[in-house]
Amino acid sequence: MTETINGRTTLTTPFTEEDIRALRTGDVIYISGDIVTGRDDVHIRAVSEGMDLPAEIRGKALMHAGPIVTGSAEDGYSLVAIGPTTSMRMEKLEYDFIKKTGVRLIIGKGGMGKRTAEACREFGAVHCVLPAGNAVFTALCTEEITDAGWLDLGMAEAFWSIRVRELGPLIVSIDSSGKNLFEEKKKEYASRKEEQLQKISKRLETIL
Amino acid sequence: MTVEEKKNRLTDIMAAFIGYTAVHLPDDIVSKLEDLRDAEDDPAARSIYDMMFENMRLASQLGRPSCQDTGLVQFKIECGSRFPLIHQLKDILHDAVIKATAETPLRPNAVEPFDEINTGNNTGTGAPALFWDIVPDDESCSIYTYLAGGGCSLPGHAMVLMPGDGYEGVARFVMDRITSYCLNACPPLLVGVGIAGSIETAALLSKHALLRPAGSHNPNKKAAEMEKLLEDSINAVGIGPQGLGGSSSVLGVNIEYSARHTATIGVAVSFGCWTHRRGHITFDSDLGFITDTHAGFTYGL
């Protein structure tokens, strides 16, 4: 479901394919509902080792994140700090992860590559950037840890299920047409880099 | 105080200091971020800076780590040869990391290679990392702390250039990394460049460069000029906060060097994310201390 809350475009889980396909790169959105965390080891288990995820995530959101959590299964968990990690690490396995799980929205840091963009186009998903390093701000957008899976992987790599409320701002970096904001930015930066290098190389030659 | 009491006290202060640096950014970084925010023209980039400052405020208010990736803990130690706890310091810092991990809390990040097991307390083989420097005939001890996060450690890179590549080669080496791998590394970044004869000396110097304040300059005028040239050039690329574009790209560029071999230019680059958790604390022989990075830090008052 997509609605406008306090002037913000807010999507609530389960996301429909229509909700997701309406998003375009550069859009700023917020989400409410159920997300899970999964990074390197979760992808390896789910894709390379073919294991079933501890919980169903079809139509939900995956956050590339390793939170700081206190508490225990018996006494309940509290989420101290959470923020996105480098998404590109998961590029190798993300196509198959999206295909297998039906996840609709991926939250991370920095961009992802061609294969993820292909999966977004084929299966109707998006990748979004959540400004990173803001772990307390982001923790305060969460309501509750609802489940903990694969704790043997350690706190950072475990599969945490979390209920969130107006989590954001999320900036759409890959949309379901396969458009990729960071790939465009990289070209722009690379061309400016060449201009700058040309500008300083003469000075570096003469000064040093 | 007995040696045992002194040892416990230093462990407690260091654990508290490490925890404090996970929650509060160093004063020079906060001030540099304020400058970058105030000079930012792009409204989207400005709103990201506003979020960063709100996060810093919330972290301080709630006493929680400002970033969930509290890194691997590293120490650069400049220890006087007559500092009373020189023999115990390695154990003290090891215990301080375990204590800070439990009490702050820090995220356990240390994984033993081959066993592939997270040790759960941020210590392990060679962790925390200690970079020692013994100061002859001195009884104080100066300790730099650094929480090396994964995101900004990932783009670290080193190689040995040929003299014909020159300083233009060094500039290209640094900037190629910035416009590719660094978009993910939480810019605006502090860039540490090491120049030396071989790969490991350059790499270590690039990390030492990150321990210098943002806005400081290498005492060598030519090195300082290269810092400025690189800083201006990288800023002109306009990477902005989170790599999404903006008026600037970096918190600064710091270069450290040692004499190189006549036939080589070893060069390395290390990066510090915007939430650059660096601390510096100096102890006298009675364990009185001062810190020039965190004016707000107190212990036992």
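Colleague: How many bridges join strand 7 of chain B to strand 8 of chain B, and do these strands run parallel or antiparallel?

Modeller: Bear in mind that this is a predicted model. Strands are taken as a pair once there are at least two bridges between them, and here strand 7 (residues 189-196) of chain B is joined to strand 8 of chain B by seven bridges, with the two strands running parallel. One example is V193(B), whose bridge partner in strand 8 of chain B is I255(B).

Colleague: Which sheet do these strands belong to, and which strands stand at its edges?

Modeller: They belong to an open sheet of four strands in chain B, ordered 6-9-7-8, in which the pairing is mixed. The edges are taken by strand 6 (157-161) and strand 8 (250-257) of chain B; each has a single partner strand, so one side of each is left without a neighbour in the sheet. From one strand to the next, the twist of this sheet averages 15°.

Colleague: What is the order of strands in the sheet of five strands in chain B?

Modeller: That open sheet follows the order 4-1-5-10-11, again with mixed pairing, and its edge strands are strand 4 (129-135) and strand 11 (289-291) of chain B, each of which pairs on one side only. Its twist averages 15° from one strand to the next. Within it, strand 5 of chain B and strand 10 (residues 278-283) of chain B run antiparallel and are joined by six bridges, and Y146(B) has R278(B) in strand 10 of chain B as its bridge partner.

Colleague: Which strands does helix 1 of chain B touch where it packs on the sheet?

Modeller: Helix 1 (residues 3-23) of chain B touches strand 1 (72-80), strand 5, strand 10 and strand 11 of chain B, and its direction makes about 40° with that of strand 5 of chain B. Helix 4 (residues 89-103) of chain B also packs on this sheet, touching strand 1 and strand 4 of chain B, and its direction makes about 150° with that of strand 1 of chain B.

Colleague: How is chain B divided into domains, and how many residues of each are in contact?

Modeller: The domain assignment gives domain 1 (3-24 + 66-149 + 277-291) and domain 2 (151-272) of chain B, and their centres, taken over C-alpha atoms, are 26 Å apart. Eight residues of domain 1 of chain B are in contact with seven residues of domain 2 of chain B. On the domain 1 side, strand 5 (residues 141-148) of chain B gives the most, with three residues, and that side divides into four nonpolar, one polar and three charged residues.

Colleague: Which helix of chain B gives the most to the side that touches chain A?

Modeller: In this contact, 48 residues of chain B meet 43 residues of chain A, and helix 3 of chain B gives the most to the chain B side, with eight residues. The residues on that side divide into 24 nonpolar, 16 polar and eight charged.

Colleague: Which residues touch the most other members of the largest nonpolar core?

Modeller: In soluble globular proteins, nonpolar side chains tend to be buried together. The largest nonpolar core here has 147 residues, of which L105(A), C128(A) and L189(B) touch the most other members. Strand 10 (residues 159-174) of chain A gives the most to this core, with nine residues. Domain 1 and domain 2 of chain B both give residues to this core, so it lies between them. Setting aside residues up to four places away in sequence, C128(A) touches residues including L105(A), I107(A), L170(A) and V172(A).

Terms used: Residues are numbered from 1 along each chain as its sequence is written. Chains are lettered from A and ligands numbered from 1 in the order in which they are written. This is a predicted model: local features need pLDDT of at least 70, side-chain atom pairs count only at pLDDT 80 or more; totals for chains, interfaces and linings use all residues. Domain bounds come from an automatic or database domain assignment. Two residues are in contact if their C-beta atoms, placed from the backbone, lie within 7 Å. Ala, Val, Leu, Ile, Met, Phe, Trp, Tyr, Cys and Pro count as nonpolar, Asp, Glu, Lys and Arg as charged, and the others, Gly among them, as polar. Axes are lines fitted to C-alpha atoms, for helices over the stretch in contact, and angles run from 0 to 180 degrees between N-to-C directions. A nonpolar core is a set of buried Ala, Val, Leu, Ile, Met, Phe, Trp, Tyr and Cys residues joined through C-beta atoms within 7 Å. A residue is buried if 20 or more other C-beta atoms lie within 10 Å of its own, exposed if 12 or fewer, and partly exposed in between; C-beta atoms are placed from the backbone.
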